[in-house]
Every structure is written in C-alpha cells, then in structure tokens.
Amino acid sequence: MDIRLLGPLHVLADDGTPLPVTAPGPRAVLSALALRAGRAVPAGELAAQVWGGEPSAGAGQALRDGVAGLIAVVPGGRIREVPGGYLLRAGREETDLGRFQDALRLARELAARAPGRAVGLLDEALGLWRGAPLADLAECPLRAREQPRLAELRLVAVEERFDLLLALGEHAAVVDDVAAESGAHPLRERLIRQAVIARHRCGRTAEALTAYRNACARLAAAGAGPSPELRDLERAVLRADPRPAAPAVRRAGPARREPSGPTAAFPPGTATFVARGRELGRIRGWLTHAVAGPAVCLIDGPGGVGKSTLAVRAAREVADRFPDGLLHVDLRGADPRDPPLDAHEARLLLLAALGTPGSELPRDPAAAGAFYREQLAGRRVLLLLDNALDAGQVAPLLPAGPGSAALVTSRTPLTGIGPGHRLRLAALTVAEAVTFVRAIAGGAAERGTRREWEELVTLCGRLPLALRIVATRMAARPCRRVAEWTAVLADERRRTDELTADDLDVRASLMVSIDQLAAGTEPDHRLAAGMFPLLGAAAVRSYSPGAVAALVGCPAGEARRALDRLTDAQIAGSPRPGVYTLHDLVRSAAAWQAARLPRERATGRLAELARWYLGSLYRVNEPLALPEHYRGRYRAGAGRFPRGRRFTSVDESLPWVDEVLEDVIALARQLAAPEYDAGEELAGRPLSAFALESVRALETYFGTRLSWRGQRRLCEITLQVGERRGDRFAQAVAYGQLGKAAGQQGDGIRGVELLHRGIALCRSVGERAEALAMTLNLVPCLGSAGKLAEAVEVAERTLAEVRAAGIEEFRPQLVNNLARCHLFLGHHAKAHELLSRNYESAPLPYERTIAAGVLAEYHLETGEFEEAARWSGRALSHAAEQPFDPFVVAQHRTWLAAALRGLGREEAARAEETRAQAVLRDLNSRENSHLRVRVDEKYAM
C-alpha cells in the first residue's frame, strides 16, 4: 500500500492500482489516520480534525460513515476500530511522509561523515513532494493545521540540503535555487544567509550585499531585524572573506558601550538565569531594531512564571542600544499589598529617573501626557513597564519616537495597545526546572536521585518563583535531602505555606489575580473569584461548566463565563473547549482557601457536585442496548440524581467517562473519609457511598471498556467504606465486580472466590436479583478455572431459579456459558442445540455476539471450517452494532483466523491474527495485563 500525502492525496494498492477514495469526508479521515499511521486516533479528535467544532452526534455519525466507506475501499483490514477511536495499520514506508522523514533522519546522521550521500538522500526525499501537501482536501481544521507544519518540514530539508552543498563547494550549482527559495520565503534568516554566501562565493559580492540589505529592510518592516550571526556575515563579506561560515560565528569585539543615561534605579539582573534562551533571543531581536518607530514588547504569563526576570535580563543585554537610559517602573498590577499606580504616578517616577523634577509635571491629564512625551522626544530609552494591570494603565506611558522601546509585563494579555510583539511565558520544562533548582541549592548528586529532583520541581509547578524559594531554603540547609523537601510539599493544603522566604510568597503572588477579579464590576468576574475556593474543595483535577455549576450553585452558562474569566487571568487553563484545569500551585492556593470555608458550606457544595457526577454516570448507559435488569438500575439511578449531563450516543457517553474517570476516582477517595459517613446526601445514602454509587453506575462501562485498573480502584474504595460502615451490600457489589474482572483477566480461581463472597453477601441482605446477576459471571469463571462439571451444575440450577423468579433477561447469557461448557466437555450435540436456539431468540447484540462466537468454536471443534468462518463473521458483525468488550472481539478474530487457516487461506488468517494481536496489545498496554487468545488451549485466556 502507498498513501501519498505530500501533494494531492493519492492512495495505491499493493500492486500500484489507484484506490477510489473520492468522497471528501473519507479522504479527510484517511489523511488524518495516515498522518499518524500505526497509532490510534481518538474518535472525538478525528471528528474535530475533519469537521471542526465540538464533538456532536452528527459528526460522530459522519465519522462512522466515513470509516465504513474507507473499510470498503481500502483492502486488507488496514483500517480498524480500537477502543475510543480508529487506527490505520501501515508502516512508515507505506506513506510518502514516512519515507521522507526516514530519509531526512538518515541524511542528518550521514551529514558529518558522508555529506555527498546525505545530499543524495535529501534529493530523493524532496523528490517525493508533488505540490502543496493535502492540496485537494476540502477546507477543514486538519488541512489548516497540517499544511503549514508539513511545509515547514520540507523547507527545513531544503535548507539542510543547501548547507551541505555549500559545504561541498557547490555554490555555483545552487546559487539560483537558493535565491529562488529565499525570495519565496523572505523572512527566513537561514535562507538569507545561504543566498548571501552563495552569491559571494560566486564572485557576485555586490549582489550579495544588496540581498543582505534588502533582507534587513524586510525583517525591519516585519518588526524583527538581522540576528548577530547575519550581521557577522555581512562583515565577513565586506572583508572579502572568500568562505564565510554559514551560519557566521560571532567573534570577540570591542567592549560594549554602556548607556550614558540613567540605569541606577533599574533592577539588577539575577545571577541564576537558566533556560528561556529562545524567548530571550526573540525579545533581543525585537528590541535591537527599534529604528523606524518604537518597539513595544508585551510579555504575559501567570504569576511566578518569571516575566520580570526575563524582561530585566533582556533589557540589560541590549542596554548599549539605548544610550539615553533604561527606565523601570513597577505598575503594581500584581502587588498583594498596594493598589496599582495610575498614569500620573507612573509618569512622575519615570520623569524622576530622567532627572526631571516632579513639580514640573502638569496636573491636567492631557497636559501631563504632552509634557511626558516632550521629555522623551529625541531620546533613545528603553522603558520596562512591569506588572501592568491593563492596557489603560500602559498606553499613556509608551514612547512615541523612533529608537526607543518598551517592555511590558502583565498577567493577562493586554489588548487595545496597538501594534506590538507578544510573548506568552509558560512554566519551565521539568529538565529546565531541575537545572534551575540545582544551580541555587547545590549538591545535586549527593542530595537525591534524578527522579526525586523531578518530583520536587513538579510539586513546585515548575514556576521560577516557587523554585527559587525552595532552592534558597535548600541552600541554607545543605544536609537535608531532596526527599525530605518533597515530603514537606506533598500536602496540597500546606504546600503554599512552605513556599515562603523573606519577601517572596507564592500564595500572595497567586492570589493577586483573584483579588482583582473580586474587586471587578462585572458579575462574572466576581463569580470567578467567589468560586475559586470551591474549586480547591473538590479533589478533581479538571472542571466542566456543568460540574462547576453544580459545585458553585449557578447556571452552567454563568459557570462557563466565570471559568473563562479565570482562564483570561491565567489562573485556570483550558486544554480543550469545555474543559478547564488549575496549575498545581494554583490548586494548592485554592485548597488552602477551601480549608478555611465553613464546613457545612464545603460539604453541601461537594454533595451537589457528587450528585451531578452520579446523575451523569447513570445516564452514560442510556444510549446502550442492555438487559432490563441493568437498564432498570441505571434508569432508577438517573431518577434519584436528576442533575447531570445527558448523552445522545455511545460515541459521546463512553469517551466522556474515559475523560473523567480519574476525577471520579479522586472524588470517591476524598468522600470515602469517615467524616462523610453521616448524612443522607446521596438519595438516602451518605456522601461516603459515592464510590458504591459510581461503581454500580459504571458496571456496563467497565465491562465494555475493560478498564480494570479504574474499576479495581473504585471497588477497593467501596469495599473500604462498606467494611467500616458494616454495609454488606456495598461489600457484595465490590466483590462481585472484582470477581468478574478477575475472570476477564484469566484468573478464574480468584474470580470464583470473590464472586462466591459477593453472591453470599447479596443473598444475606435479600438482593436475589443481584446475586443471580453475579452468578452469570460465576459460570465462565468456573469454566476458566477448569471446573466444567461444577460450572454446568451451577448454570442449570441458576436457570431454574431465573425461570422461577421471572428474570428472563438473564437466560441468554447463562445459556451461552452453559453451552460453551458442554462444548468443552465434548457434548457437541447438546452445545449446538442450546446455541442455535439461543442465537435465534437472543434480543440484544451482546448476547447474539457471544452465541455466534461459541457456534464458531463449535464448528472449529467439528472441523467445519466454512461454517466456523461464517459464524465468526456474524459474531464480529454483531459486535460492531455497539461498543464491545475488546477481548471478546480479539477472541472472535482468532476463531476466524483458525477457520480461514483450515480453509487454506493462510494470508487472510494471518491478517485476522494480526488484528486480534493489535487489540490485545492495546488492551495489555493500557491495563498492564498479559492476555492472549490461543485456539490450541481450550481453557487458556
């Protein structure tokens, strides 16, 4: 197979025949899967890439239709559904993008020792391009996002090829090509350098210098300017250096000229400055070319991220460009003690730094503004307007004349200022943060392992302010190991208490933005400030407008607007539409505030959040076709908890649980504390029963997704609370689900033990139907444990009880398991009779799938491979009717492979085995399990 993305989309079969992928939707879906060939793409993400917007039922159906169309066209089972999404089974060599990337990687490896071979590889790689990538796709987010990325990838390869050819002395051969590429991309400095070098080496020095000056003019017009390397190249050309380096190496020059204007009041640079090299380079470039007009650089980011430190460092590095001085004023927009400065106060401070007495500044605002501009006129100064509150505070202070510049730092992005360069500062990476702390604290090797250092900086949120505080305290206590500090910081509610040293206080810094929102005039600003402590009251790590509306007690629309205000203030983050998160240290500050709320209020709001989650979890099952026993349970649960999300399809409901499961477990763990044992907040049960309600609401989800780790954690919490409260039903539910999961994972003996406990406890509290439901899982566990005769006896006894109790929906599953036991005992006729009747009468896709699968096993046992293949195909068709247990799907594909092999269709058999193995690899990787399916061991799992 050959999928060509580097131009109009072309898809070729193994024999080179074009495949008719013509409809716009399937073409876009195939392109998205091919760009991540061999990796699963979540269904929601895939729909968003192709159709845009938030996931909807319509997009989900369009996606399924598109995938179905592709499966019909693309041979060999290349496209398959995996849990939560889809995957294109293709090697890197089967897409032109993969071949291009492999050639580029190999060329880089060969560049130093075999540059000629590297050039050949790059020529081959660039020859794969047939035009703009994905050129014939309809307009969609995928095309908008990937086209620039792929174009940049090609351009980097072009530049690397030119570098190699210039190093090989092939300047005459490439001079025109380099000039053409540089003309097409006039702001790329690497191409500019290559064009200047090629012309100069060809003896066209005047052209080289003209090209350099034209490039500088274009860069200046774009608000940038030539880098030091590019300026060094110009000097090398002017010296007639026959072979200037590319890129040019900066040479030692005369000492930097110090500014003659005022700098004494300017903040000193910090001695410990790590990382931020890219950001520093961008600011330096912007500031050094304030020629045609003043340069304005706006730096925003959350509190403690290091905005002021970076701005001071950048200003001092370019001080020689501003001979009339560096001026600094703290506008106090982030001061927890003093109010922000107004424009008049700020002008007084700046003019005083220039030597102008404050008494000369007029009181009238318009006259004061004119006087201020007059004092700056003709001067080349750099203003650092630090900790700005808003654009209204900054705009009157900006310089107007050429040659001057302003650096502005703020927590929120400033809009309405006019043209300017913008830089958003994020937290350091883990590696940068570790380097930062070690540089200050000292004794890196003997104080802790690399992992301990990484845990420490993660607890500090990788924010420079917090890192500096903890590193300073560590430096003063050199005998304490890193693990001791992480132990101190591990308590989220006390963490910000520890991050205080001298005049540095992380919590005070973080709370400034909350106080400013609280003082705002807009209702959503005040609501955002008021909800902040409640966000710290719940142990969840992500928030949706619906959940926060329940937690706070307001409409969802108001909650969304308030969350957006927290995001605008960089208190919260929004990794994707409708989902909000808090930075670790911000969470710690929220938790600190939550601990000071009246207990009754905090508990009441947690109860509302718990009820919202339970209503949502029970409604997850509404789009599924289920036996009445489970449907009735879920319907009753949704009735007891009327608030919560509603779902229209399984493509919406199950991925939502995938996303929130960790938050559900975290909330369950929080509410499992003994302090929540009293009360009837959960429809007659205490808050500590949240885990029990959750695990009952999610039983079908766990069986479908096989999310065993999450299921086990919720069951363990349920068991812990049930044992403490003497709640035998809660213990029964936990044992029953743990037993079922053990059986699914192949541990039949453990499954039998746990299920017996659960069944006995259910019967002891009069829960006959629940006991029978657990017995449905006991039968396959007994079979898996090799106790086939006992499994038959239990199944037949339970069938009789089911009939007597009138719970007919349990019969199909019991009969399927009973028939499988008879099959393994060699009772082929009995098994076939039971299965045939059961398949015809089974009302639900799950039951038909299992019956068809066991019929396929029957025909494998009797050597009827054609029939085995037919029934395996039916089983897989039924399994596709709604989300299905991936292990059972892998079983059916394995039976189909065995049938195909029996028919002599080896290639098709291997394809089905590969599909089955891929499903199991995904499952085993996700759940850290070791499942397998083998047809030569009847009872192996």
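This section describes salt bridges, a small sheet, backbone angles, two buried residues, a helix and a cavity in a predicted model.

Side chains of opposite charge can pair when their charged atoms come close. In the predicted model, 52 salt bridges are found. One of them joins Arg78 to Glu94, with the closest N and O atoms 2.6 Å apart. This pair connects distant parts of the chain, since Arg78 belongs to the loop between α3 (57-73) and β4 (79-82), and Glu94 to the loop between β5 (85-88) and α4 (96-110), at a separation of 16 residues. Both Arg78 and Glu94 are buried.

A further salt bridge is formed by the side chains of Arg424 and Asp300, at 2.9 Å from N to O. Here, too, distant parts of the chain are linked, with Arg424 placed in strand β10 (residues 421-424) and Asp300 in strand β6 (residues 295-300), 124 residues apart. The two partners fall on opposite sides of the accessibility limits: Arg424 counts as exposed because its relative accessibility is 53%, over the 50% limit, whereas Asp300 counts as buried because its relative accessible area is 7%, under the 20% limit.

The salt bridge between Arg763 and Glu801 has its closest N and O atoms 3.1 Å apart. Because Arg763 lies in helix α34 (residues 748-764) and Glu801 in helix α36 (residues 788-805), the pair ties together parts that are 38 residues apart in sequence. Arg763 itself is partly exposed, with a relative accessible area of 40%. Elsewhere, Glu152, Glu159, Asp163, Arg188 and Arg190 are joined into one network by salt bridges that share partners.

Strands of a sheet pair through backbone hydrogen bonds, either parallel or antiparallel. In the model, an open sheet of three strands has the order β13-β15-β14, with antiparallel pairing. The edges are occupied by β13 (542-543) and β14 (572-576), each of which has a single partner strand, so that one side of each is left without a neighbour in the sheet. Strand β14 is joined by three bridges to the antiparallel strand β15 (residues 579-582), and within this pairing Ala572 stands opposite Leu582 of β15.

Most residues other than glycine have a negative phi, and most peptide bonds are trans. Against this background, Asn387 has a positive phi, near 60°, without being a glycine, and its place is in strand β8 (residues 382-388). Ala683, likewise not a glycine, has a positive phi of about 50°; Ala683 is located in the loop between α29 (650-671) and α30 (690-697), where its relative accessible area of 43% makes it partly exposed.

His859, in helix α39 (residues 845-861), is buried, with a relative accessible area of 5%. When its neighbours within four places in sequence are left aside, His859 is in contact with His832, Glu864, Glu867, Ala868 and Trp871. Among these contacts, Ala868 and Trp871 are also buried residues of α40. Helix α40 (residues 865-879) consists of 15 residues and spans 21 Å from its first C-alpha to its last, close to the 21 Å expected at 1.5 Å a residue. The buried residues of α40 are Ala868, Ala869, Trp871, Ser872, Ala875, Leu876, His878 and Ala879, and the elements that cover them include α38 (828-841), α39 and α41 (886-902).

Val21 is placed in the loop between β2 (10-12) and α1 (24-35), and its relative accessibility of 5% means that Val21 counts as buried. The C-alpha atoms of Val21 and His10, which are 11 residues apart along the chain, are separated by 8.4 Å. Apart from residues up to four places away in sequence, Val21 touches Val11, Pro26, Arg27, Leu30, Leu70 and Val73.

Rolling a probe the size of a water molecule over the atoms shows where empty space is left. A search of the whole structure identifies five cavities of 30 Å³ or more, and the second largest cavity holds about 120 Å³ of space. The lining of the second largest cavity consists of Tyr630, Arg633, Arg696, Glu699, Val733, Gly736, Gln737, Lys740, Glu770, Ala773, Met774 and Asn777. At least two residues of this lining are supplied by each of α28 (628-640), α33 (728-744) and α35 (768-784).

How values were computed. Residues numbered from 1 in each chain as written. Predicted model: local features only at pLDDT ≥ 70, side-chain atom pairs only at ≥ 80, totals over all residues. Heavy atoms only, no water. Salt bridge = Lys/Arg side-chain N within 4 Å of Asp/Glu carboxyl O. Helix = DSSP H or I, 4+ residues; strand = E, 2+ residues; numbered from the N terminus. Buried < 20%, exposed > 50% of the residue type's maximum accessible area, 1.4 Å probe, protein only. Pairing = 2+ DSSP bridges. Contact = heavy atoms within 4.5 Å. Expected span 1.5 Å × (residues − 1). 1 Å grid on protein atoms, 1.4 Å probe; cavity = no way out; pocket = protein on both sides within 12 Å on 5 of 7 lines; lining within 4 Å. Points joined across faces, edges and corners; volume = space filled by probe spheres on them.
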